[in-house]
Amino acid sequence: MMTEEVLAFIARKLVDHPDDVSVTPVDGDRVDTVLELRVHADDMGKVIGKRGRTAKAIRTVVKAAATREGTSATVEIVD
Amino acid sequence: MTRMIEKRASTVKDATAAALRELGVGPDEATVEVLNEGRRGLFSGRSRAHVRVTVREDRSNGETPVGDTLVTEPDSRAEDGTAGLETDDTSGADRLAELNEEADLAADFVEGLLDILELPGDIEIEVDENQAFVNVVEVGSGLLIGRRGATLEALQELVRAATQRHVERRSHVRIDIEGYRQRQLDKMKDRCREGIAQVRETGEPFRLEAMDAFERKVMHDLVARTGGVTSASEGVEPRRRVVVYAAEE
């Protein structure tokens, strides 16, 4: 799925441990997919950013990617 | 002054032609370096052709020294003492190399995203003394711009975070898609001019909208070129804004 790929691509660009990035779709309802993002413990700050600025930007771009597939997606950063 | 442009397009020929057009020079006035031939393919094998076109500094002499035609690295050009790019502690050549590196990282980010989303688009990279610009054109979709530029703004934030991680200094790369932010900047300049006129008339300070560092600098420069007014920034990022004041004589 394109949207998952976009999320994983962005996350890998932001972290120090790209091999530890994983994206798991969990069952949301049919119109909205929840994507769980996991990164290395040391990289949590990198994907969240100051006052959540980076996390917000990730969600915005991932949402745009999802509209290209005619769906919507919510990103949850899991530790 | 633009001295060098990089361009990524579907073929080397397209990329070179577009870069020359932008620089406003003929093929004999510039040096073309092919950084990637580009590969065609439907899926992951696809890559854009990537060229770097540099205006030759000797073009006004009408004479090309033998052996100089392949010198394209900005740092080796600056070493001959003609670049005159010293702006701060970092030498012009170092600065340009840093900005080139940032621009490349940013272009890779954007190109990767376009590929995953299966969007077309040519990428132009322009580097001047203080700033790198990465412009995506011919995308044929507003997807990455978003409502009121929200997606583009998010993209800029991510590119900033990603490049900053690699280069570990403040990022100076600005992303644009189909000229959207350039048009926004032009509107900001219009409002700034209106503000200047108002300050001159009333003597009261005029507050502009919140802007990023690059946009604020453009406004400060605009005010500085105008007599009778001065400007300062106030507030905290991302709500920092330029205020125009009447100059005290």
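1. A residue is called buried when its relative accessible area is under 20%. By that cut-off B:Arg216 is buried, because its relative accessibility is 8%. Please keep in mind as you read that this is a predicted model. You can find B:Arg216 in helix α6 of chain B. Apart from its neighbours within four places in sequence, B:Arg216 touches B:Met211, B:Ser233, B:Glu237, B:Arg240, B:Arg241 and B:Val242. Try picking out B:Arg216 on the screen and looking for each of these partners in turn.

2. One of those partners, B:Glu237, leads to a detail of the backbone. The peptide bond that joins B:Glu237 to B:Pro238 is cis, with omega at about 0 degrees. B:Pro238 sits in the loop that runs between β8 (229-234) and β9 (241-246) of chain B.

3. Now let us turn to the place where the two chains meet. How many residues of chain A are in contact with chain B? There are 20 on the chain A side, and they are in contact with 18 residues of chain B. Between them the two chains bury about 1,900 Å², and 72% of this area is on carbon and sulfur atoms. On the chain A side, the residues that lose the most area to chain B are A:Phe9, A:Lys13 and A:Arg68, which together make up 28% of what that side buries.

4. The interface has polar features as well. Two salt bridges are found across it. In one salt bridge, A:Arg53 pairs with B:Glu157, and the closest N and O atoms are 3.4 Å apart. Seven residue pairs are in polar contact across the interface, both residues of each pair being at pLDDT 80 or more. As for where chain A's contribution comes from, α1 (2-14) and α3 (53-68) of chain A each supply at least two residues of the side that touches chain B. The largest share comes from α3(A), with 10 residues. Sorted by class, the chain A side has 11 nonpolar, three polar and six charged residues.

5. Next come the aromatic rings. Searching the whole structure gives two aromatic pairs over all chains. In one of them, the rings of A:Phe9 and B:Phe109 have centres 5.7 Å apart and planes at 65 degrees, so this pair is edge-to-face. The pair crosses between chains: A:Phe9 belongs to helix α1 of chain A, while B:Phe109 belongs to helix α3 (residues 92-116) of chain B. Are these two residues buried or exposed? A:Phe9 is buried, with a relative accessible area of 17%, and B:Phe109 also counts as buried, at 1%. You met A:Phe9 above, among the residues of chain A that lose the most area to chain B.

6. The rings of B:Phe133 and B:Phe214 form a pair too, with centres 5.6 Å apart and planes at 75 degrees, so they are edge-to-face. Here the pair links distant parts of the chain, since B:Phe133 and B:Phe214 are 81 residues apart. B:Phe133 lies in strand β5 (residues 132-137) of chain B, and B:Phe214 lies in helix α6 (residues 213-224) of chain B. B:Phe133 counts as buried because its relative accessibility is 19%. Helix α6 of chain B is also where you found B:Arg216.

7. B:Leu117 is a good residue to inspect by hand. Its place is the loop between α3 and β4 (122-127) of chain B, and it is buried, with a relative accessible area of 1%. Which residues does B:Leu117 contact, leaving aside its neighbours within four places in sequence? From chain A there are A:Met2, A:Val6, A:Ala65 and A:Arg68, and from chain B there are B:Leu143 and B:Leu144. Although B:Leu117 and B:Leu143 are 26 residues apart in sequence, their C-alpha atoms are 9.8 Å apart in space.

8. Finally, check two glutamates for their backbone angles. B:Glu118 is not a glycine, yet it has a positive phi of about 55 degrees. B:Glu118 lies in the loop between α3 and β4 of chain B, and it is exposed, with a relative accessible area of 52%. B:Glu138, not a glycine either, has a positive phi of about 60 degrees. B:Glu138 lies in the loop between β5 and α4 (150-167) of chain B and is exposed, with a relative accessible area of 57%.

Technical notes
Residues are numbered from 1 along each chain as its sequence is written. Chains are lettered from A and ligands numbered from 1 in the order in which they are written. This is a predicted model: local features need pLDDT of at least 70, side-chain atom pairs count only at pLDDT 80 or more; totals for chains, interfaces and linings use all residues. Side-chain values use heavy atoms; hydrogens and water are left out. Contact means heavy atoms within 4.5 Å. Buried area is the accessible area (1.4 Å probe) that two parts lose on being put together, summed over both. A salt bridge is a side-chain nitrogen of Lys or Arg within 4 Å of a carboxyl oxygen of Asp or Glu. A polar contact is a pair of N or O atoms within 3.5 Å; within protein, one must be able to donate a hydrogen and the other to accept it, and residues adjacent in sequence count only if both atoms are side-chain atoms. Helices (H or I, at least four residues) and strands (E, at least two) are DSSP runs, numbered from the N terminus. Ala, Val, Leu, Ile, Met, Phe, Trp, Tyr, Cys and Pro count as nonpolar, Asp, Glu, Lys and Arg as charged, and the others, Gly among them, as polar. Rings of Phe, Tyr and Trp (its six-membered ring) pair if their centres lie within 6.5 Å; planes under 30 degrees apart count as stacked, over 60 as edge-to-face and the rest as tilted. Buried means under 20% relative accessible area, exposed over 50%, partly exposed in between (1.4 Å probe, protein chains only).
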